[in-house]
Amino acid sequence: MVGGFEIRGTTRLMGVIGDPIAQAKTPAAINPLFAARGADIACVPLHVPASDLSVIWAGLKAIPNLIGFGITLPHKQTAVELCDSLDPVAARVGAVNVVRRERDGSFRGYQFDGKGFVRGLLSSGIIIKDRDVLMVGAGGAAVAIAFALVEEGARGITVSNRTMDKAEALAAAINAGFGRSIAKAGKPEPGADALVVNATSLGLKETDALPLDAALLQSGMTLAEVIAQPETTRLLALADKGGVQVHSGIHMITGQVGLIADHLCELWG
């Protein structure tokens, strides 16, 4: 039994690919939604090493009852080149987090990270409009989230990344996308009352380095994670002790699974 229904020979599959994959929360979150819709679809995690992505991608495409898959680290940007086509949002941010098999059998890439992240923030009562954002990280999730935060009314975004040219590239892409200077590259040093987003993978393991100095996080700020497992990262725990409003990455998952379930059921439910 998965998600409250029986897996049968007729069951269509949705995968979630990543490297690692043990932290994936999407299957547990989306299977009950498929069941509630009466859809004969089951979501399963698939460990896809980065070095084998193109080979495994071809295998996934050759499985007729696999109707699509979610994508987590580190494949979100690499997948762009493997998709047969891209939704305009995915094309704009240059990253994919859901692939759907279309009626003609082609794989089309979509992007729900940004909308899901914003939904999660708003459902928790966290203010975005007219607020400065410090975005730590410049990978696929960071790109999608940055665009979504600007669309929701963020005042400005500072992008910080270990590789400065990636931070500068993301800031330039945001400014070009919105036709105004709203983003810049900078150090991981949040201003007063900032919304701080850790969009890196640092925090998946307890031994990971912190993505920024926790001592810089002060009351009045909000620290939001994209990491859903563990639900409370070491950085979140330190920020919480310091009186900072904290927001787990699990909210990004819950914020987007409904959108993804609807999207897949539109063709295959």
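**V197 contacts.** I started at V197 in this predicted model. Which residues does V197 touch once neighbours within four places in sequence are left aside? I get F117, V133, L134, M135, V136, L149, A224 and V226.

**Largest core.** Next I pulled up the largest nonpolar core, which has 36 residues. V197 is among the four members that touch the most other members, along with M135, L149 and I157. Two of these, M135 and L149, were already on my V197 contact list.

I then looked up which elements give two or more residues to this core. On the helix side I noted α5 (113-123), α6 (140-151) and α7 (164-178). The strands are β7 (132-136), β8 (156-160) and β10 (195-198). Which element supplies the largest share? That is α6, with ten residues.

**Second core.** There is also a separate core of 22 residues. I jotted down F34, Y110, A228 and W268 as being among its members.

**Cysteines.** I searched for disulfides and found zero. C43 is in none: its nearest cysteine sulfur belongs to C265 and sits 12 Å away. C43 is also buried, at a relative accessible area of 3%.

Why is there no bond for C83? The closest cysteine sulfur, in C43, is 17 Å from the sulfur of C83, so the pair is too far apart for a bond; the cut-off I'm using is 2.5 Å. C83 comes out buried as well, with a relative accessible area of 11%, which is under the 20% limit for that label.

Notes:
Residues numbered from 1 in each chain as written. Predicted model: local features only at pLDDT ≥ 70, side-chain atom pairs only at ≥ 80, totals over all residues. Heavy atoms only, no water. Core = buried A, V, L, I, M, F, W, Y, C linked by side-chain atoms within 4.5 Å. Buried < 20%, exposed > 50% of the residue type's maximum accessible area, 1.4 Å probe, protein only. Helix = DSSP H or I, 4+ residues; strand = E, 2+ residues; numbered from the N terminus. Contact = heavy atoms within 4.5 Å.
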